[in-house]
Amino acid sequence: MLRKKLLVIAIVFWSSVFVINLLRPEKEMKTIDNDILWMHKFLWKNKLDIVITGDSRTLMGVSPEIITEHLPGLQIGNFGFPSLIYTDEYFAYCEELLKPDSKSRTVIFGISPRALITYEVEYCRFKEWSQTSRNIFAMKFIRHSGWLKHYFDEITMKDIKNYFNPAPPEYLSVNLPSGWTAARMMPENPGYTVKSYRRRYQELKVDQKRVNLMMKYTGEWREKGINVLGFWMPTGSAIYFIEEKTSGITEDYMKNRLEKAGGTWLNIDTTGYHVYDGSHLRYDAAVSFSHSLGRNIKTAIGVK
Amino acid sequence: MLFNSLAFLAFAVIFFLIWQVIKNYRQPRFVFLIIASFIFYGWWDARFILLIMFSGLIDYLAGLAIEKYTSRKRFFLVLSICGNIGSLALFKYLGFFTSNLKVLSEALGLGLDIPVLRLALPIGISFYTFQSMSYTIDIFRGNLKPTKNIFHFFAYLSLFPQLVAGPIIRASHLLPQLNKTRNPTEKQQWEGIKLIVYGFFKKVVVADHLGLIVDLAFRDPHPIQSAPYWWIIITFFAIQIYCDFAGYSDIARGIGKLMGYDFPLNFDHPYISRSFQEFWTRWHISLSTWFRDYVFYPIFQRKITVANAHIAMWITMLLSGFWHGAHWNFLIWGGLHAFYYSVEQITRLPKRLSKIKGGRLLSTIIVLILLWISWIFFRASSLNQAMEIMGIMLNPFNTADFEIERFTIIIGIILFVAILREILAYIGFDKMIKQYKYYEILETVLVAFALVGSVFLRGTGQVFIYFQF
């Protein structure tokens, strides 16, 4: 009897998997699934020369592929995560990603006030995956079974809406092995995130403890011979203005703090880049910005 | 290791493959259970295995000493209790006591510089220490013979399915089961599979979806000034915590059944209770019976009077609240339940209501409203937040516009299923349906769809709430 029941369950289950995947609308265009991308970043331990840190603005706005064109031979990774908050754990992990024997060991802060605010870090993908990452075997298994995972992705409201009312996807993103997520939105909506940022900074301000923590690591890394660079991540002019006025820090303030702590500030013109939602760079703007960033990094760390 | 993780899936497959062979040999069975349980537990932080071993060793030796040195058995019992309560005090309550001492010293102007000390909380410490204490107390009372086999004892103490979040199983219930080779019958295996699938459904589908909405609401530093909004959010939290915790218990019981062991029922549709007395026979049953047997009865039996019964109950409820967390919120939560219980016992309201038409339903509604108020304290991150939200909820003139963030039709359907399940239990439908001719087929198909739902309707993975206790 038990066998018959298990057979019924297996038939219902696999039929459901088949039917759901038959009906499910095409997934967004991605080279790497999101979860696989986060996990992939944790497999960079001791493999990078340059780590670029930051939240979703860095994740979408900095292309290590482009930077490598200016710094050939160096392994560069974009260790940005959506909703990242700079924490002790994150900084410690960044250091672990660097090759111990590299002569160009560099940590770069792609600074946005959002990553320094007083906020719970519960929903950060970094936190979630840093716990899983302790098990390298499980991570490798997940990475190599990524194609399988697709068939068991959860059904979302978007899937249901798209089934009944097929529409071109609003948001397209391509995850690349360097850690960069190239993204765009159709149609673009430059005011999309402005309201939420305005509200956020009414309630929350940059936590000076987080800024101090960043500077503490800067000092320690400099003592260890690690280059520490920082730059203000470009964003839309409305959000730049909101952050300068209400977040509790300004670009100049962070520049001074970083330089006092022993780091190097990259003076890049961050204006005029195309943002698709008011906050994040569109993929072509990210390419253009990354060229500029690459040239500045090259000068700062003195690589020929 | 989380039940809802790929690592656990791999662990379970390997475990049951080896278990099929090793379960037939007594000593290797114990050793294998201990190793597997320590791997399961050590996945979070292997250092804390030493703590389980240390506190377990005290109880193992105390158990033997209580039996051997009967004239000094009280001393050994106190030693065992001190070991367990001591590790709880050190790891769980040190921060609470030092921070409150600091506040008190500042308020009294004593000028003492008291450092606030907080240690990392070992997962499941409240569960395994209580389980371990029941062992020595039962030996002291003469209800249990101590095991001389240390592997037998540690197999009991560390048994992985229920190690970190219960149910809290008494030694008298589990030790004899572990001692024998047990081959689960087909019926037990089916029960086990059902419990595991339903447990996952409760956790990953119901609790995880609702948890996201609840977390967003409580994370807002400026709570929305709307009473209806907060009643809805607390309803979501009530369902979330029930499904989260009952889900874990179901999975633990299911795994136990597949191993051939019977773990006691921990949740029995608590939200259909018609009184608080009934609620506590349906909610976290293993903990409430633990407190009943080891705290309430010993106090009450010293002096059997109505007043003493109330005193014993208040102490039990406050301790139960404190067991959940080192925070004033949990003490207030326990205090509220004690207050409800006392009022209920004095007024006999549920009994009186049951005599009038619709009174039983009214009783349940009153219990739920009062429960929802107590859940605010359980969920809020601070006393201030709890008071603010309670103030909003209890003022019907708070009617600001609101939108429930992240609420979707899918969550609406899931919520409907969860509530319907309890309503069916309330009207006794689940007992009636068992008489139905095609019940077995229906049940099998339901299990299959619950499995499909657990895969395709899963929410964002969250840690089980009760791990923090």
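**Briefing: strand β1 of chain A and the contact with chain B**

Strand β1 of chain A, residues 50-54, is mostly covered, with five of its five residues buried. The structure is a predicted model. Two topics follow: the surroundings of this strand within chain A, and the side of chain A that touches chain B.

**Burial of β1(A)**

- In a regular strand, side chains point alternately to one face of the sheet and to the other.
- Both faces of β1(A) are covered.
- One side carries I50(A), I52(A) and G54(A), and these residues are buried.
- V51(A) and T53(A) lie on the other side and are likewise buried.

**Strand pairing of β1(A)**

- With strand β2 of chain A (residues 76-80), β1(A) pairs in the parallel sense over five bridges.
- Within β2(A), G77(A) is the bridge partner of V51(A).
- β1(A) also pairs in the parallel sense with strand β3 of chain A (residues 106-111), here over four bridges.
- In β3(A), the residue that stands opposite T53(A) is F109(A).
- V51(A) and T53(A), buried on one side of β1(A), thus have their counterparts in β2(A) and β3(A), respectively.

**Contact between chains A and B**

- On chain A, 20 residues are in contact with 23 residues of chain B.
- Two elements of chain A, α1 (2-23) and α7 (136-144), each give two or more residues to the side that touches chain B.
- The largest share of that side, eight residues, comes from α1(A).
- By class, the side of chain A that touches chain B comprises 13 nonpolar, two polar and five charged residues.

Technical notes: Residues are numbered from 1 along each chain as its sequence is written. Chains are lettered from A and ligands numbered from 1 in the order in which they are written. This is a predicted model: local features need pLDDT of at least 70, side-chain atom pairs count only at pLDDT 80 or more; totals for chains, interfaces and linings use all residues. Two residues are in contact if their C-beta atoms, placed from the backbone, lie within 7 Å. Ala, Val, Leu, Ile, Met, Phe, Trp, Tyr, Cys and Pro count as nonpolar, Asp, Glu, Lys and Arg as charged, and the others, Gly among them, as polar. A residue is buried if 20 or more other C-beta atoms lie within 10 Å of its own, exposed if 12 or fewer, and partly exposed in between; C-beta atoms are placed from the backbone. Two strands pair if DSSP finds at least two bridges between them.
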